[in-house]
Amino acid sequence: MSLSRPKLVVGLGNPGEKYARNWHNLGYMVLDILAERHKLKLNRIRFKGYSDNFNLGGQRVILLKPTCFMNNSGESVRAALDFYALEPEDVIVVYDDIDLDFGTIRIRGRGGAAHHNGMKSVIAHLGTEEFTRVKLGFGPQDRSRDIVAQVLANIPKEQQKACFEILLRAADAVEMIIKDGLFAAQSKLNGPVK
């Protein structure tokens with residue numbers, strides 16, 4: 001990741017109170033934690049999303065929560081990328097992953113979208129799979145049930161405390177990727193949150 005260009009950190013989710021506590025909004029929740037840590041409001045509307053920025057160890061970091069709904073998230077990411085003249089390697093996308101066990105964080109430098117429509121949109125608009133992602137697992141889920149209903153379900157009360165610990169660790173992962181690089185973050189933070 002280049003040190004001369006800003007880093008764009010995107011949290012995937014759906015806007016509105018109806019979706020606020022859904023599994024599918026884990027990316028939004030991580031950005032909310034980062035915004036709180038760095039004393040940001042994250043309420044400025046730009047690039048079809050909420051955006052703000054801060055400095056982390058001399059590196060400018062732009063936070064973006066797309067508000068064009070999950071399936072069109074790539075429109076927001078592309079708009080921010082073009083405005084700041086960034087490359088896909090400058091992007092970190094944070095999102096939920098139904099295929100990973102609950103409590104697992106997986107940091108990757110590339111990869112496909114699997115079942116995730118938000119990631120399908122981002123990949124389509126960037127034209128590449130070569131960008132960093134931080135995935136938060138909430139599986140295993142019942143494969144006999146509709147996947148949409150599962151990702152749009154609210155996080156059960158009995159899992160909320162553990163989920164908050166996962167969100168904190170994912171926020172740590174984003175900061176470590178920016179400060180220390182992808183491989184350092186993978187070595188330290190990939191895997192289950194203990």
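Here are some short exercises on this predicted model, each with a worked solution.

Some ground rules come before the exercises. Residues are numbered from 1 along each chain as its sequence is written, side-chain values use heavy atoms, and hydrogens and water are left out. Since the model is predicted, local features need pLDDT of at least 70 and side-chain atom pairs count only at pLDDT 80 or more, while totals for chains, interfaces and linings use all residues.

**Exercise 1: the overall build**

Work out which elements the protein has and in what order they run.

Step 1. Start by listing the elements: there are six helices and eight strands. Helices (H or I, at least four residues) and strands (E, at least two) are DSSP runs, numbered from the N terminus.

Step 2. Now walk from the N terminus: the elements come as β-α-β-β-β-α-β-β-α-β-α-α-α-β.

Step 3. Next, check the radius of gyration: 15 Å, close to the 16 Å that the globule rule gives for 194 residues, so the protein is as compact as a globular protein of that length. The radius is taken over C-alpha atoms, and the rule is 2.2 Å times the number of residues to the power 0.38.

Step 4. Last, look at the extent: the C-alpha trace spans about 45 × 35 × 30 Å along its principal axes.

**Exercise 2: inside and outside**

Find what share of the residues is buried, and what the accessible surface comes to.

Step 1. Buried residues make up 54% of the 194. Buried means under 20% relative accessible area, exposed over 50%, and partly exposed in between (1.4 Å probe, protein chains only).

Step 2. The accessible surface comes to about 9,100 Å², and 50% of that belongs to carbon and sulfur atoms. These areas come from the Shrake-Rupley method with a 1.4 Å probe; for residues, only the protein chains shown count as cover.

Step 3. Turn to contacts (heavy atoms within 4.5 Å). Of those with a separation of 6 or more, 69% are between residues 24 or more positions apart.

**Exercise 3: the sheet**

Lay out the strand order of the sheet and say which strands stand at its edges.

Step 1. The order in this open sheet of eight strands is β2-β3-β4-β1-β5-β7-β6-β8, and the pairing is mixed. Two strands pair if DSSP finds at least two bridges between them.

Step 2. At the edges stand β2 (44–46) and β8 (191–192), each with a single partner strand, so one side of each is left without a neighbour in the sheet.

Step 3. For a parallel pair, take β5 (residues 91–101) and β7 (residues 132–139), joined by seven bridges. In this pair, Val 94 stands opposite Val 134.

Step 4. For antiparallel pairing, try β2 with β3 (residues 49–56), where there are three bridges; Ile 45 has Tyr 50 as its bridge partner. β3 also pairs with β4 (residues 59–66) in the antiparallel sense, over eight bridges, and Asp 52 is partnered by Leu 63.

**Exercise 4: turns and unusual phi angles**

Track down residues with a positive phi, and say whether Leu 42 and Ala 85 are buried or exposed.

Step 1. Keep the usual picture in mind: most residues other than glycine have a negative phi.

Step 2. Check the hairpins. The one made by β2 and β3 has two residues between the strands, and Phe 47 takes a positive phi near 55 degrees there. The hairpin of β3 and β4 also has two residues between its strands, with Gly 57 at a positive phi of about 60 degrees.

Step 3. Move on to the loops. Leu 42, in the loop between α1 (26–37) and β2, has a positive phi of about 50 degrees although it is not a glycine. Leu 42 is buried, at 7% relative accessible area.

Step 4. Ala 85 lies in the loop between α2 and β5, with a positive phi of about 55 degrees. Ala 85 counts as exposed, at 55% relative accessibility.

**Exercise 5: two loop residues**

Describe the surroundings of Lys 48 and Glu 87.

Step 1. Lys 48 sits in the loop between β2 and β3 and is partly exposed, at 46%. Beyond its neighbours within four places in sequence, its contacts include Pro 66 and Glu 75. The C-alpha atoms of Lys 48 and Pro 66 are 5.9 Å apart.

Step 2. Glu 87 is in the loop between α2 (73–84) and β5 and is partly exposed too, at 39%. Not counting residues up to four places away in sequence, Glu 87 touches Arg 5 and Leu 81.
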